Amino acid sequence: MPKLILQIDNRVLNTCVVDQRASIGRRADNTVVVDNSAVSGHHATVFRDGEHFVIEDFASKDGTFVNDKRVSRHTLRDGDAVRLGKGKHTIVFDEQGGAGEVADAAPPEIAAAPGETVYLGADKHKALLDWIRSAQAPAGVAVLRVIEGRADHTEYPLHAYTSVIGKSDAALVRLKGLFKPKEAVAIARSDDGYVATVLRGTTRINKTPIRDRRVLADGDVLEVGGLTLEFKLAG
């Protein structure tokens with residue numbers, strides 16, 4: 001099973017087996033928590049895509065680099081070196097990894113010294129995500145339905161692990177207008193449900209301004225960049 005190997009100055013700090021998905025960032029609700037101001041709260045995600053693993057930048061402030069090249073999405077190959085923004089940490093992708101391994105035989109405490117990176121064991125990661133468990137997990141792929149505003153389609157299935165609403169060419173839902181943000185909202189899909197993260201601009205969910213993250217529930221209405229979208233779980 002593939003592994004992510006965290007290094008700094010060529011010194012290995014820790015390793016983490018990747019099964020289906022691992023999120024990386026500074027906030028405590030990530031799988032891999034990097035306590036470094038150069039790393040965004042939710043910086044990037046690594047996930048299985050068929051026979052390969054892909055890293056996607058989560059519209060981070062300072063970018064994600066693979067082998068010193070900035071990427072928004074990149075299929076990882078054995079030995080690829082990932083750098084997060086201007087930080088000194090490097091994450092090496094080990095495609096061979098090791099079968100049956102766990103992230104840590106003795107998971108570390110959640111509290112860490114400044115600058116230390118913590119890999120959370122499954123139990124502690126679950127505890128940190130307890131607040132997300134109250135949301136109903138989707139039985140299938142959810143969709144965004146356009147209620148109001150100009151869009152290329154009337155409905156957008158959320159197949160990808162990360163779906164972006166914005167003006168960017170890579171966005172699933174393309175915003176119209178010269179001054180619209182390239183990435184306004186990112187919607188992440190996992191076994192826990194769907195979580196919307198506001199990246200740029202003003203977004204409202206059910207008329208309430210949202211500035212960070214929100215677990216999406218069936219029927220939620222998002223107002224972003226001149227579009228009104230209804231979030232619907234597969235029924």
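Colleague: Is Asp152 buried, partly exposed or exposed?
Modeller: Happy to start there, keeping in mind that this is a predicted model. Partly exposed covers the range between under 20% and over 50% relative accessible area. Asp152 falls in that range, so its class is partly exposed, with a relative accessible area of 44%.

Colleague: Which residue does Asp152 meet in a salt bridge?
Modeller: The partner sits in the loop between β16 (173-174) and β17 (185-190), while Asp152 is in the loop between β13 (143-148) and β14 (155-157). The pair links distant parts of the chain, 24 residues apart. The partner is partly exposed, at a relative accessible area of 28%. With 2.5 Å from N to O, the residue that Asp152 meets is Lys176.

Colleague: How many residues apart in sequence are the parts that Lys232 and Asp218 tie together?
Modeller: These two form a salt bridge, with their closest N and O atoms 3.5 Å apart. Lys232 belongs to strand β23 (residues 227-232) and Asp218 to the loop between β21 (213-215) and β22 (221-224), so the parts they tie together are separated in sequence by 14 residues.

Colleague: Which residues are joined with Asp49 into one salt-bridge network?
Modeller: One link is the salt bridge between the side chains of Asp49 and Arg73, at 3.1 Å from N to O. Asp49 lies in strand β5 (residues 44-49) and Arg73 in strand β9 (residues 73-75), so this pair ties together parts 24 residues apart in sequence. Through shared partners, the network joins Asp49 with Arg73 and Glu56.

Colleague: Asp94 is buried yet has no salt bridge, so what is the nearest side chain of opposite charge?
Modeller: Asp94 is in strand β11 (residues 89-94), and a polar atom of its side chain lies 3.2 Å from the backbone nitrogen of Gln96. Leaving out residues up to four places away in sequence, Asp94 touches Pro2, Lys3, Ile5 and Asp78. A salt bridge needs the nitrogen and oxygen within 4 Å. The nearest oppositely charged side chain is 4.4 Å away, and that is Lys3.

Colleague: Which element gives the largest share of the lining of the second largest pocket?
Modeller: This pocket has a volume of about 450 Å³ and is lined by 24 residues, with Asp57, Ser72, Val164, Ala170 and Glu183 nearest its centre. The elements giving two or more residues to the lining are β6 (52-57), β8 (69-71) and β15 (162-166). The largest share is 3 residues, and the element that gives it is β15.

Terms used. Residues numbered from 1 in each chain as written. Predicted model: local features only at pLDDT ≥ 70, side-chain atom pairs only at ≥ 80, totals over all residues. Heavy atoms only, no water. Helix = DSSP H or I, 4+ residues; strand = E, 2+ residues; numbered from the N terminus. Buried < 20%, exposed > 50% of the residue type's maximum accessible area, 1.4 Å probe, protein only. Lys, Arg positive; Asp, Glu negative; His and termini not counted. Polar contact = N/O pair within 3.5 Å; in protein donor to acceptor, adjacent residues only side chain to side chain. Contact = heavy atoms within 4.5 Å. 1 Å grid on protein atoms, 1.4 Å probe; cavity = no way out; pocket = protein on both sides within 12 Å on 5 of 7 lines; lining within 4 Å. Points joined across faces, edges and corners; volume = space filled by probe spheres on them.
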